[in-house]
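Here are my notes on the model. Please read them with the structure open.

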Amino acid sequence: LRAAVRAVDFGLGMCQDTGDPSLQVRMGVHVGPVGIEEEDVQGAAVSYAARLVDVASEDCIRVSAEIKRHLDQDRAERHACLAWRRHRGVELKGFPGPQEFWTIARCDGSS
């Protein structure tokens, strides 16, 4: 639970201040087992997060349904002002069947 919440908090911080106004951030967040091989993180969880980025058309944070459940369970006050947009029935390359995921936006309308 904590890793999922911290990952989303990191993403929100990156979107809020990229360090350069010309930079845009697209981020996919998922949770699951990963492996490290030759200093590279690999596994289905990494691939799923990458697919979430692939389907993002604008700078935003896309999270898996599992991450959304973790955030709902955490109920952190700092997340109360987030706006959520659900995406259902989306095909993600390499993953069978239609998938559900979410886009996060802040209440002020920024991603």
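Strands, as the word is used here, are DSSP runs of E with at least two residues, numbered from the N terminus. On that basis Val41 belongs to strand 3. Keep in mind throughout that this is a predicted model.

1. **Val41 and its patch.** Val41 is a good place to start. Its relative accessible area is 42%, so Val41 is partly exposed. Together with Val34, Ile36 and Val46, Val41 makes a nonpolar surface patch. The area of that patch is about 350 Å².

2. **The loop before strand 3.** Strand 2 (35-37) and strand 3 (40-42) are joined by a loop that holds Glu38. Glu39 lies in the loop between these strands too. Check the backbone here. Glu38 is not a glycine, yet its phi is positive, about 50 degrees. Glu39 is not a glycine either, and its positive phi is about 60 degrees. Are these side chains buried or exposed? Glu38 has a relative accessible area of 78%, so it is exposed. Glu39 reaches 81% and also counts as exposed.

3. **Aromatic pairs: the first to look at.** How many aromatic pairs are there? The count is two. One of them joins Tyr48 and Phe95, edge-to-face, with 4.9 Å centre to centre and 80 degrees between the planes. Tyr48 sits in helix 2 (residues 44-54) and Phe95 in strand 6 (residues 95-106), so this contact ties together parts 47 residues apart in sequence. Tyr48 has 6% relative accessibility and is therefore buried. Phe95, at 18%, also falls under the 20% limit and so counts as buried.

4. **Aromatic pairs: the tryptophans.** Trp84 and Trp102 have ring centres 6.1 Å apart. Their planes stand at 90 degrees, so this pair is edge-to-face. Which elements does the pair link? Trp84 lies in strand 5 (residues 82-92) and Trp102 in strand 6, so the contact ties together parts 18 residues apart in sequence. Burial should be read residue by residue. Trp102 is buried, with a relative accessible area of 11%. Trp84, at 26%, is partly exposed.

5. **Lys68 over the rings.** Look at the lysine beside this pair. The charged end of Lys68 sits over the ring of Trp84, 4.6 Å from the ring centre. The charged end of Lys68 also sits over the ring of Trp102, at 4.8 Å from that centre. Lys68 belongs to helix 3 (residues 65-74) and is buried. Other buried residues in helix 3 are Ala65, Ile67, His70 and Leu71. After helix 3 comes Arg75, with a positive phi near 50 degrees.

6. **Cysteines.** How many disulfides does a search of the whole structure find? It finds zero. Cys15 is in no disulfide, and its nearest cysteine sulfur is that of Cys60, 7.8 Å away. Why is there no bond from Cys60? Its closest cysteine sulfur, in Cys15, is 7.8 Å away, which is too far for a bond. A disulfide would need the two sulfur atoms within 2.5 Å. Cys60 is at 0% relative accessibility, so Cys60 counts as buried.

How values were computed. Residues are numbered from 1 along each chain as its sequence is written. This is a predicted model: local features need pLDDT of at least 70, side-chain atom pairs count only at pLDDT 80 or more; totals for chains, interfaces and linings use all residues. Side-chain values use heavy atoms; hydrogens and water are left out. Rings of Phe, Tyr and Trp (its six-membered ring) pair if their centres lie within 6.5 Å; planes under 30 degrees apart count as stacked, over 60 as edge-to-face and the rest as tilted. Helices (H or I, at least four residues) and strands (E, at least two) are DSSP runs, numbered from the N terminus. Buried means under 20% relative accessible area, exposed over 50%, partly exposed in between (1.4 Å probe, protein chains only). A charge sits over a ring if NZ of Lys or CZ of Arg is within 6 Å of the ring centre and within 35 degrees of the ring normal. Patches are made of residues with over 30% relative accessible area and no salt bridge: like charges are joined within 9 Å, nonpolar side chains (Val, Leu, Ile, Met, Phe, Trp, Tyr) within 5 Å. Accessible areas come from the Shrake-Rupley method with a 1.4 Å probe; for residues, only the protein chains shown count as cover. A salt bridge is a side-chain nitrogen of Lys or Arg within 4 Å of a carboxyl oxygen of Asp or Glu.
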